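Me: I should like to learn how to read the strands, helices and surface of a model such as this one. Could you take me through the features one at a time?

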Amino acid sequence: MLHLTNISKTYQTDKIETTALSNIDLSIKKGEFISVMGPSGCGKSTLLNIIGLLDQPSDGQITVAGQQITSYKDKDITQLRNEKIGFIFQSFHLISDLRVIDNVELPLLYRKISAKKRRQMALEALEKVGLSARTLHYPNQLSGGQQQRVAVARAIVGKPKLLLADEPTGNLDSHMGDEIMKIIESLHKNHETTIVMVTHDEAMAKRTERIVRVFDGQLVH
Amino acid sequence: MLKNYLMTAWKVFQRRKFFTFINLFGICITLTIIVVATRVADNNLYPTGPEKNNEHFLVISKLTLTDDKQQNIDSSYPGFKFINDYVLPLKAPEIISVYTKSNTISSFIKELKIKQQLRRTDANYWKVLQFEFVHGQSFDQQQFDLGHSVAVINQHTALQYFDRTDVVGEQIDLQNQRFEIIGVVKNVPPTELNAHSDIWVPFTTLPTTAYRHQMRGNFQAILYHSNPERLKDAQLEFINRLKHEFVNENSEMTKAFSYADNKLEEMARDFFGEETSFETHIQTLIIFSILLSLLFMLLPSINMVNLNISRIMERSSEIGVRKAFGASTSQLVWQFIIENILLTLIGGTMAFSLSIFILNGIEISGLIPYVEFTFNFRVFAVSLLMILIFALVSGVYPAFKMARLDPVIALKRGL
């Protein structure tokens, strides 16, 4: 499904060069559910951003489904992200000006899908996360757990092959966190979605199939 | 996609009322000034009164005489002799009308001194300009030739003298001459330079014939042709005549410069023309007008650019999310540009309403006597164009700047 070969990421400021990731080799199989763990600032989110094609590595190669991404143009990467990848962020990142249903529809706007079909797919996604009754609410009218469920619905509405979750339960209490985790687990089980989840929570990580640990920008085995 | 952009924009405006208000206020004030200026310029270039057929005529209203070395320059209105010798013989125009500029005269009505504009004209004047008669008619060629003391007055003058407009057959005294009123026309605003006056009489009623021998004076001429294309021939014929046939006996001022201009050319020459050149500088006027409009829009645009960047910056999380879920940079650019165009169109609509209110105020105040500002498709189209330019100038840069944000940075900023 996804291969990272010798991936490095450095940030250059005026005088200092900071290495966020160094020589990362990682393969993720189709349908696998892995968690990425490590202390704050170790490079977990940077790794996730590179896997999600939001960020480009300073060095190394990314291969998705046998195709090398480093040679892709920005337009192709955008399309790939739209069609293949879904994101769940720790702080939800819902658009406060839009209603729940419009937030969930957002990834479909950038595909050639009719408005009617978009609405139907968004309603189905909201049903999966148990929020059919909140479609016309605005995000700030929902609890944290409900907002994260909207974010999950948005991530899965386009039926992505790869779901990337950056500490999806980090801003939630344990009960809400557990609910979100159950939804993510059911996606993996029922739809064979490949999932990469960054987490600080050892208990959550243990519920995944494999744990990848990062320390000081390097994978620790 | 467009529908979605518009819906998103509308929701953003509703949810961010303060920003929307500040933006709309700035847009509305700027565009009101532009719409008012456009309407006033349109009123001058495309009159709706007697000069509404101005595409059919050219006006000669200036004469510059110089010596051979062009050291002495003397500019004034042409005199009758100049028009008689060099304008009336022209063959290209179908009709040539000769008339004086309007002069201020004083009259007494019920022991009250009032000032009025008096213009002396020939009979052709009433053929080339499209006056609207409320009562009576204009004087004809015979009345003109015989120097009949007849007058056409406007409604305002009729009301001043007689408190009514049906005054054909009444008499008025002007500059120690008594005239019989034979026609009453609708008021003409001073923006119609060649038609505006309060009273019109034949110039053959002038007390002396001295004017017939004057090269400089206060006369003007209109060259009329039913086919506007043919006016170019009249222009050329007039210039050639001046270049090759001008003779000013017993005077060292041996060269003459004069022009048969349409409205735009006249305006261009007033601003940029040189007295001793036949160049109209019409392109300079157009470029200058465009630059002036852009410059006027630049400062509020810079302000709007700042506002827009702040407005969009607040939404950096949205930019990050949209990019993460597959929005391309160009799609985001369009989204923000369309938001700005929609906002500017709303501001433009408000500006349009406000400008109608202001122009009505100018009409009622009498600041420009008799003027009537009516909106037409042309004013609407030009105003709309200005509004769109304003929207693009103020919206494109922030849209590009923000849409090119790195998604990771945009998401971090949005925290």
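**Reading sheets, helices and surface**

Reply: Let us begin with a sheet. In this predicted model, chain B has an open sheet of four strands, ordered S12-S3-S2-S14, with antiparallel pairing.

Me: Which strands of chain B stand at the edges?

Reply: Strand S12 (216-217) and strand S14 (255-258) of chain B do; each has a single partner strand, so one side of each is left without a neighbour in the sheet.

Me: How many bridges join S2(B) to S14(B)?

Reply: Strand S2 of chain B, residues 63-66, is joined to S14(B) by four bridges, and the two run antiparallel. To place the pairing by residue, take Leu63(B), whose bridge partner in S14(B) is Ser258(B). As a general idea, side chains in a regular strand alternate between the two faces of the sheet.

Me: Which helix lies across S2, S3 and S14 of chain B?

Reply: Helix H3 of chain B, residues 80-87, lies across these strands, and runs at about 80 degrees to S3(B), which spans 73-78.

Me: How should I read the pairing of strands in chain A?

Reply: Strand S1 (residues 2-12) and strand S2 (residues 17-28) of chain A form an antiparallel pair with eight bridges. The two make a hairpin, with four residues between them, and Gln12(A) stands opposite Glu17(A) of S2(A). S1(A) also pairs with strand S4 of chain A, residues 59-64, in the antiparallel sense over five bridges. There, Leu2(A) has Val64(A) of S4(A) as its bridge partner.

Me: Is Glu245(B) buried, partly exposed or exposed?

Reply: The class follows from relative accessible area: buried is under 20%, exposed is over 50%, and partly exposed is in between. Glu245(B), at 43%, therefore counts as partly exposed. This residue lies in helix H7 of chain B, residues 231-245. Apart from neighbours within four places in sequence, Glu245(B) is in contact with Tyr86(B) and Asn240(B). Glu245(B) and Ala256(B), 11 residues apart in sequence, are 9.9 Å apart in space, C-alpha to C-alpha.

Me: Which residues form the nonpolar patch on the surface?

Reply: Among them are Phe18(B), Ile22(B), Phe296(B) and Leu354(B), and the patch has about 990 Å² of accessible area together. Helix H2 (17-45) and helix H11 (329-365) of chain B each supply at least two of its residues; H2(B) gives the most, with six. Ile22(B) lies in H2 of chain B and is partly exposed, at a relative accessible area of 30%.

Conventions. Residues numbered from 1 in each chain as written. Chains lettered and ligands numbered in written order. Predicted model: local features only at pLDDT ≥ 70, side-chain atom pairs only at ≥ 80, totals over all residues. Heavy atoms only, no water. Patch = residues over 30% accessible without salt bridge, like charges linked within 9 Å, V, L, I, M, F, W, Y side chains within 5 Å. Areas by Shrake-Rupley, 256 points an atom, 1.4 Å probe, with all protein chains shown as cover. Salt bridge = Lys/Arg side-chain N within 4 Å of Asp/Glu carboxyl O. Buried < 20%, exposed > 50% of the residue type's maximum accessible area, 1.4 Å probe, protein only. Pairing = 2+ DSSP bridges. Contact = heavy atoms within 4.5 Å. Axes fitted to C-alpha atoms, helices over the stretch in contact; angles between N-to-C directions.
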